[in-house]
Amino acid sequence: MNSIFLYIFLGASLAAPIGPVKTVLLNTGIKRGFFHAWAFSFGSVTTDIMYMFLVYFGVGQFIDSPLIKIILWSFGCFVLMYTGIENLLTLSKVETSVKLGKRVRLRTSMMTGFLMSLLNPLTIIFWLGIYGSILAKTAGGTTGYQIIINSFAILSGIIIVDLIMAFLSSGARKFLSSKLLLVVSIISSVSMIGFGIYFGIQAYQALF
């Protein structure tokens, strides 16, 4: 039982830092509300589960190939740059009204979370590095059943953090003024563009 809580804490601590996916999650909660932020998170967690199975069944070496990395860095750069610039161009639509969230379907937010996480090289680095090393460490003296429990404990930690972020971001739109929401949206958009530039640099360096 102690080891399960340890893996839940591991998942939570790894999910807590603000990266590109979490930046978009917070921005989604502020602009569209809790349910859209949670739908975005659900799509992101679906990607995590997919990568978990790929690493578990030994397909991680294929994902770790230089060509795949270049493609993912490039697509990650494009998606984040596009999302950040689009958000900056639509700043005038940032409102505190809850009705704004109803204009976008939940499945759209979910697909955005899925694609954003799928094309995020940092997600792959996590599952190949952290999760891969956990499998390597525990595979010798641990049953397959226990590995599955530990894996879902890590996912539980990630889901808990996402729920907290979705709740806080959606709650912020009720207490912040329109000007403050505008500032937060600008900061998150610039952060996305910054991560996109970073991914682009990584893709360029991987070519040489």
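Start by selecting Thr47, which is buried, with a relative accessible area of 0%. The model on the screen is a predicted one, and this residue serves here as the entry point to the rest of the chain. Thr47 belongs to helix α3, and if neighbours up to four places away in sequence are set aside, the residues that Thr47 touches are Phe114, Ser117 and Leu118.

Next, select residues 34-56, which form helix α3, together with residues 106-118, which form helix α6, and look at how the two pack: their axes lie 7 Å apart and meet at an angle of about 40 degrees. Because of that angle, α3 counts as oblique to α6. Turn the view until one helix lies in front of the other, and the crossing of α3 past α6 can be followed as a right-handed one.

Now show the side chains where these two helices meet. On the α3 side, the contact includes Phe35, His36, Ala39 and Phe40, and further along the helix Thr46, Thr47, Asp48, Met50 and Tyr51. On the α6 side, the residues that take part include Leu106, Ser109, Met110 and Thr112, as well as Phe114, Ser117 and Leu118. Coloured by residue class, the contact of α3 with α6 divides into 11 nonpolar, 9 polar and 1 charged residues. The three residues touched by Thr47, namely Phe114, Ser117 and Leu118, can be picked out within this contact, where they are listed on the α6 side.

Move on to Leu122, which is found in helix α7, residues 121-138. Is Leu122 buried, partly exposed or exposed? With a relative accessible area of 33%, Leu122 is partly exposed, because this value falls between the limits of 20% and 50%. Leaving out residues up to four places away in sequence, Leu122 touches Pro20 and Phe199. Add Leu72 to the selection and draw a distance between the C-alpha atoms: Leu122 and Leu72 are 50 residues apart in sequence, and 9.7 Å separates them in space.

Finally, clear the selections and display the whole chain, whose secondary structure comprises 9 helices and 0 strands, so that a walk from the N terminus meets the elements in the order α-α-α-α-α-α-α-α-α. Of the 208 residues in the chain, 41% are buried. A contact map of the chain, restricted to residues at least 6 apart in sequence, would have 88% of its contacts joining residues at least 24 apart. With the surface switched on, the chain exposes about 11400 Å², of which carbon and sulfur atoms supply 74%.

Key. Residues numbered from 1 in each chain as written. Predicted model: local features only at pLDDT ≥ 70, side-chain atom pairs only at ≥ 80, totals over all residues. Heavy atoms only, no water. Helix = DSSP H or I, 4+ residues; strand = E, 2+ residues; numbered from the N terminus. Buried < 20%, exposed > 50% of the residue type's maximum accessible area, 1.4 Å probe, protein only. Contact = heavy atoms within 4.5 Å. Areas by Shrake-Rupley, 256 points an atom, 1.4 Å probe, with all protein chains shown as cover. Axes fitted to C-alpha atoms, helices over the stretch in contact; angles between N-to-C directions. Parallel < 35°, antiparallel > 145°, perpendicular 65-115°, else oblique. Left-handed = near helix turned anticlockwise from the far one by under 90°. Nonpolar A, V, L, I, M, F, W, Y, C, P; charged D, E, K, R; others polar.
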